[in-house]
Structure formats: C-alpha cells, structure tokens
Amino acid sequence: MGKKLIRGARVIDPACGRDEPCELLLEGGLIAAVGHDLPAEGAQTINAAGLVAAPGLVDMHTHMREPGFEDKETIATGTAAAARGGVTSILAMANTCPVIDRPERVADFYNRAMRSAKVRAYTVGAVSLGMQGKEITDVEDLLSAGAAALSDDGVPLMNAEIMREALIRMKPSGLPILSHSEDGDLVRAGVMNEGALSRKLGYKGRPAVAEELLLVRDGMLAADVGGYVHVCHVSTKGSVDYIRRMKAAGIHVTAETCPQYFTLTEEEIEKQGAMAKVNPPLRTRADVEAILEGLEDGTLDCIITDHAPHTAEEKARELPKAPSGMVGLETSLALSLTVLHHQLGWPLMKVLRAMSTAPAGILQLDAGSLRVGAPADIVLFDPEETWTVRPEAFASKGRNTPFAGWELKGRVRCTVVGGETVYDAEAAR
C-alpha cells in the first residue's frame, strides 16, 4: 500500500477531540502521522483544501440482502453505496436466506465480503434459529466465527426466555444484543403509525406503545442479568424517555436512530405512499422533536441508516402489500449535516461522533478514530456543497428513498479504506 498525504483539510476526530487544520500521513493501511509539515517524500498528495477529514462512518445497521435476495442488493452494490456515503464499516443484519444463524453462515458472509466488499463489512448472528423466536442459536460459536453482535432485527423477538438467556451468554464478550423493539402482536398487519392519520386513511396502525413495551422489557431483562442491550431504530418520544431513565438507573443500554426519524413525519405516507413505509413507522412531529432532543443530550448514542433496499416492483404495490424499508447509505451523512449542523447549529464534532466513534465503540471495532496507528479509514467531505438526491444515480440497487429531489448541504468527496481510495467523486463523474 502506497503512502498518501492528505493536505489542507480540517481534521475532526471525535475520539480525541481534535478539530484543527492539519495533515494526515497514511502508510501501510494505517494512520502514520497527524500534524503539520509532514514529510511528503514518496507519498501521493491528496489536496483536501476546503474539506473536512474525519474517521470513516460506521453504520451498525444495514441490510445487504446477500445471500438470497440479490435482486434487492448485494454485498458489492451495498458496500459501493456505503463508500459513496462516506461509510467505511457496515454491519449487516442476519435476515438473509438462509438466515445467518450458524457459524458456517457467518463464515460464508465473510468469504463473500472478502471477494466483493468495497468497505469493511461485518455481520451479526441471529439470536434465534431461523429468526423464528423458538430456539436460541449457539451464541458462543457465532461469536467465535466472527459475528460482531447478535440480533433478530426485522422480526421482534417475543420470547423473553430466549432474550434473557442470550443476554447472559453474551456477557463475557461485552457485546450487545441489538433489539428490534416492537411487540409483534401489537404491530401485526400495521402499515403506518397508529393515530388520527391512520384512522383517516383507513389503515391498521403500529402504535408507539408497541416499541416502548418491548424496549422496557429488554431493559428490565438486561438489568436483571447484568446484560447489554442496544435498541435499534428508536422512533418515539416515549422510547427516548424510557432509555433516558434506564441509563440514569445504570442499566447497560445504548440506542440508535435514523435520519428518517428526525426529518420526516407520518404525513409522508399521504404524500409518497409505500416509499415512506418503514418499520418502525414514521411518527408525529412531537416524536421527531424528542428524537432530536435525545440525540442532542446523548440519550440516543448513534445515527445509523437501517439501509433496507427493495425492488421498484415491490415498492409499487399498494401500501398494505408493499414491504417496509428505505435505503440510506448514500444520503445519511448529508441529511444529518443538513438538519443537525446547518439548520440546528450542532458542531460537526457532535454529528460525526454519533456516526463514527460511538457505533465503533459499541461494536468494539478498531474504527472511528484518526489516532496514529489506527486503520486509515477516512471520509473527506465538503460541508458546504449542495446537491440534489437523484435515486437513479445511486450505487445501491435500491432506489426506495423518500428523499428523492431533496436538496442537501454536505457532500462526500472521497472515501478511503485501509489507505486505499474506494470512492472519488471526481473520478465518478
């Protein structure tokens, strides 16, 4: 791997609190030096004037769809989308076909990723066999095979006995169970947030209490056994309140949310139909405000995408029959910069911590830092550049985004993984 010298950038590293103009020297896939007037001999110089250099983003909640659903996405296309969005590490969920519920299936994922991934790709292992919620998987073997966490995401794990046992067996690793917190009985056949709008439109709703009920159960189980639960895709005001209380009580819980939950409300269903259908559903303005407050005060630890590609034919179905989910890898940083930094005035450091350093810490990954000796995983972005979301230009196979046509402020110019450039906006033109 050749030497690279990144010059002229504003370097922001949430892991050490650095925010200053300086240079980054990359060698052997690692950060070799950070400072001023670094030696350029033998190095390829990258002119990053006007750009921010930050640790590559860590998206700890994505759906790569491979194996089994390659018509929706592949590891190659999904990680290419990640690179375009400045994401250098992704965590893929286990709801593939077959489900990633055995060590050999974890190994198969990594073999596939080794051949085709553009960024660092990790996988979870399922908590229950086949994600059926009836029998626990071999937790220790899944972790030994390289599973970065355990989750039945996509299917609420209703069996409290399995959840409790999994929390106990995960304890030695210090890694979390990632919980899809929706009570399966309460959300069955629901297609949008339950409330006045769902009643007006005549659709069965998914009530906010369904999310809060399972969240509280899992927090109680974690408290009971001293386990660690991470709450996926938080969407309600009540959830934020409960997580805040659990943290104050010393329960080991962390939580994530997605850009759609701090930018959109349930009204988007009226405007865009199935393109705005996601689980958990888009909620009310009060919920959006609570999500923003939870991110601001640290109740919610990180911002992820829940990148969930579907085919155009699937999303063209009428709302009750269309699948839930939206893509997000290529828009998450820009949406977060537009809303949190430019509109609300949050420091870039705060936004980047939630998208890189915090999720890396949760998963115990060597990522989310620009310290000397760290992997040279870097995103270079222009925080001021405006651009329009055009799904037809996505690297992802998925075009199912409710943000089509949005003008965003903040654009990735270059993504580096292990010292190698995996995306260059100029070369991609």
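**Pockets, cavities and one buried glutamate**

Okay, let's start with the largest pocket. Thirty, that is 30, residues line this pocket, and the ones nearest its centre are Gly 154, His 180, Arg 206, Asn 279 and Ser 324. Keep in mind that what you're looking at is a predicted model. The volume of the largest pocket comes to about 510 Å³. So what kinds of residues make up its lining, by class? There are 11 nonpolar ones, 11 polar ones and 8 charged ones. If you want a piece of secondary structure to look for, try helix α5, residues 184–187: the largest share of the lining, 3 residues, comes from there.

Next, the second largest pocket. Here the volume is about 440 Å³. Its lining has 21 residues, and nearest the centre you'll find Arg 84, Glu 330, Trp 387, Arg 411 and Tyr 423. Which elements supply at least two lining residues each? Those are α13 (332–343), β18 (378–388), β19 (407–417) and α15 (425–428). The largest share belongs to β19, with 4 residues. By class, you get 10 nonpolar, 5 polar and 6 charged residues in this lining.

Now for the cavities. How many of them are there at 30 Å³ or more? The count is 5. The largest cavity holds about 70 Å³ of space. It's lined by 14 residues, and closest to its centre are Leu 157, Met 163, Leu 178, Ser 179 and His 180. You may remember His 180, since we also met it among the residues nearest the centre of the largest pocket. The lining of the largest cavity splits into 8 nonpolar, 2 polar and 4 charged residues. Strand β12 (177–179) and helix α7 (208–225) each give at least two residues to that lining.

Let's stay on α7 for a moment, and zoom in on Glu 212, which lies in that helix. Is Glu 212 buried or exposed? Its relative accessible area is 13%, and because that falls under 20%, we call Glu 212 buried.

So who does Glu 212 touch? Skipping its neighbours within four places in sequence, Glu 212 is in contact with Thr 236, Gly 238, Ser 239 and Tyr 242. Take Thr 236 from that list: it sits 24 residues from Glu 212 along the chain, yet their C-alpha atoms are separated by 7.8 Å. The two side chains also make a polar contact with each other, at 2.7 Å.

That's my tour, so have a go at finding Glu 212 and Thr 236 in the structure, and look for their side-chain polar contact.

Conventions: Residues numbered from 1 in each chain as written. Predicted model: local features only at pLDDT ≥ 70, side-chain atom pairs only at ≥ 80, totals over all residues. Heavy atoms only, no water. 1 Å grid on protein atoms, 1.4 Å probe; cavity = no way out; pocket = protein on both sides within 12 Å on 5 of 7 lines; lining within 4 Å. Points joined across faces, edges and corners; volume = space filled by probe spheres on them. Nonpolar A, V, L, I, M, F, W, Y, C, P; charged D, E, K, R; others polar. Buried < 20%, exposed > 50% of the residue type's maximum accessible area, 1.4 Å probe, protein only. Contact = heavy atoms within 4.5 Å. Polar contact = N/O pair within 3.5 Å; in protein donor to acceptor, adjacent residues only side chain to side chain.
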